[in-house]
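Q: I would like to go through a protein model with you, one topic at a time. Could we begin with a term that I shall need?

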Amino acid sequence: MKTFPHWVICRHCDSLYRYRPLTAGQQARCTRCCCRLYRTEQVNTERMLALALTAAVVFVVANVCPVIGVSFHAVQNVATVWQAAIALGHGAMLPLAVCLVFLLIVAPLLQIVLFGWVVMFAHMGRCAPGFIGAIRLLKGLRPWSMVEVGMLGFLVAAIKLSGFLQVATGPGCWAMAGLMLLIVIIGSQDLQPLWRLMPIAPDTGAADHE
């Protein structure tokens, strides 16, 4: 499916307009139903870039540090997310291990990298290479990043094990909780204003501007 960044579709009446850059305080409205198509917005790219960097650091901690630790008669053992996936990757549990890796590691990583990629170039006042593909992939990944599901699974396992063993949460568990919140914040960011960085061809004008 092709993407046409130079065109805007009215969400109410499906009228088609060519995108035109606006000056500060202006907004474009549909000539048929008077619905607002888009407006000028100032994007705080510094805050977005700081959010991406913070999420990247927390992601590394969540995947490197132990999530849970158990001890029994002075014998201690800890497990990271990767170790949990490897432990499940045998026999009939292999599909579950693949889902664990994708939902808790691959999907959040792609979200953080793609978000940081487009924001980094936007901070420099440029359109990121592969901008359209990155935005489409970011939108498609939103439903598949399920850090909160993994967090819930680790908590359930910790509660069940606590009846037999001494269980302690590790730094990775707290990092996973922080990552869960950061991924939600990243997914809620409005990247629509970044489309104005796309090179726009001259147009004859189709939308009303105020």
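A: Certainly. A nonpolar core is a set of buried Ala, Val, Leu, Ile, Met, Phe, Trp, Tyr and Cys residues joined through side-chain atoms within 4.5 Å. Please keep in mind that the model shown here is predicted.

Q: How many residues has the largest nonpolar core, and which have the most contacts inside it?

A: The largest nonpolar core has 38 residues. Those with the most contacts inside this core are I112, F115, V118, L191 and L194.

Q: Which helices supply at least two residues each?

A: Helices α1, α2 (81–88), α3, α4 (131–141) and α6 each do so. The largest share comes from α3, which gives 11 residues.

Q: And is there another core apart from that one? What is in it?

A: Another core, of 5 residues, lies apart from the largest one. Its members include C10, C13, C30 and C35.

Q: Why would such residues gather together?

A: In soluble globular proteins, nonpolar side chains tend to be buried together.

Q: Back to L191, then. Which residues does L191 touch, beyond its neighbours in sequence?

A: With neighbours within four places in sequence left aside, L191 is in contact with M48, F115, I135 and L138.

Q: Now L51. Where is L51, and is this residue buried or exposed?

A: L51 is part of helix α1. L51 counts as buried because its relative accessibility is 11%, and the cut-off for buried is under 20%.

Q: What does L51 touch?

A: Beyond four places in sequence, the contacts of L51 are F115, L182, I185, I186 and Q189. Another position to compare with L51 is I112: 61 residues separate the two in sequence, and their C-alpha atoms are 9.2 Å apart in space.

Q: Let us change topic. How many cavities does a search of the whole structure find?

A: The search finds 2 cavities of 30 Å³ or more. The second largest cavity has a volume of about 30 Å³.

Q: Which residues line the second largest cavity?

A: The lining consists of Q111, F115, L138, R142, I186, G187 and L191. Helices α3 (94–123) and α6 (171–187) are the elements that give two or more residues to that lining.

Q: How do the lining residues divide by type?

A: The lining has 4 nonpolar, 2 polar and 1 charged residue.

Q: R142 was in that list. Where does R142 lie?

A: R142 is in the loop between α4 and α5 (147–161). R142 is partly exposed, because its relative accessible area is 42%, and partly exposed covers values between the 20% and 50% cut-offs.

Q: Which residues does R142 touch?

A: Not counting residues up to four places away in sequence, R142 touches Q111, G187 and Q189. R142 and V184 are 42 residues apart in sequence, with 8.8 Å between their C-alpha atoms.

Q: What about P171? Where is P171 placed, and what does P171 touch?

A: P171 is in helix α6. Leaving aside neighbours within four places in sequence, P171 is in contact with V61, C65 and P66. With a relative accessible area of 47%, P171 is partly exposed. P171 and I68 are 103 residues apart in sequence, yet 8.3 Å apart in space, C-alpha to C-alpha.

Q: Let us look at the whole chain. How many helices and strands are there?

A: The chain contains 6 helices and 8 strands. Along the sequence they follow the pattern β-β-β-β-α-β-β-α-α-α-α-β-α-β.

Q: What percentage of the residues count as buried?

A: Of the chain's 210 residues, 37% count as buried. As for contacts between residues at least 6 apart in sequence, 65% join residues at least 24 apart.

Q: One last topic: confidence. What is the average pLDDT?

A: The chain averages a pLDDT of 76, and 70% of the residues score at least 70.

Q: Where is confidence lowest, and where is it highest?

A: Confidence is lowest in strand β8 (residues 208–209), at a mean of 44, and highest in helix α1 (residues 45–64), at 91. Over residues 200–210, pLDDT stays under 50, and the model has 31 contacts beyond four places in sequence for this stretch.

Q: How should low values be treated?

A: Where pLDDT is low, the predicted coordinates should not be read in detail.

Methods. Residues are numbered from 1 along each chain as its sequence is written. This is a predicted model: local features need pLDDT of at least 70, side-chain atom pairs count only at pLDDT 80 or more; totals for chains, interfaces and linings use all residues. Side-chain values use heavy atoms; hydrogens and water are left out. pLDDT is the predictor's confidence in each residue, from 0 to 100. Helices (H or I, at least four residues) and strands (E, at least two) are DSSP runs, numbered from the N terminus. Contact means heavy atoms within 4.5 Å. On a 1 Å grid over the protein atoms alone, a cavity is a set of points where a 1.4 Å probe fits but cannot get out, and a pocket is an open set with protein on both sides within 12 Å along at least five of seven lines; lining residues have an atom within 4 Å of a point. Grid points are joined across faces, edges and corners, and a volume is the space filled by probe spheres set on the points. Ala, Val, Leu, Ile, Met, Phe, Trp, Tyr, Cys and Pro count as nonpolar, Asp, Glu, Lys and Arg as charged, and the others, Gly among them, as polar. Buried means under 20% relative accessible area, exposed over 50%, partly exposed in between (1.4 Å probe, protein chains only).
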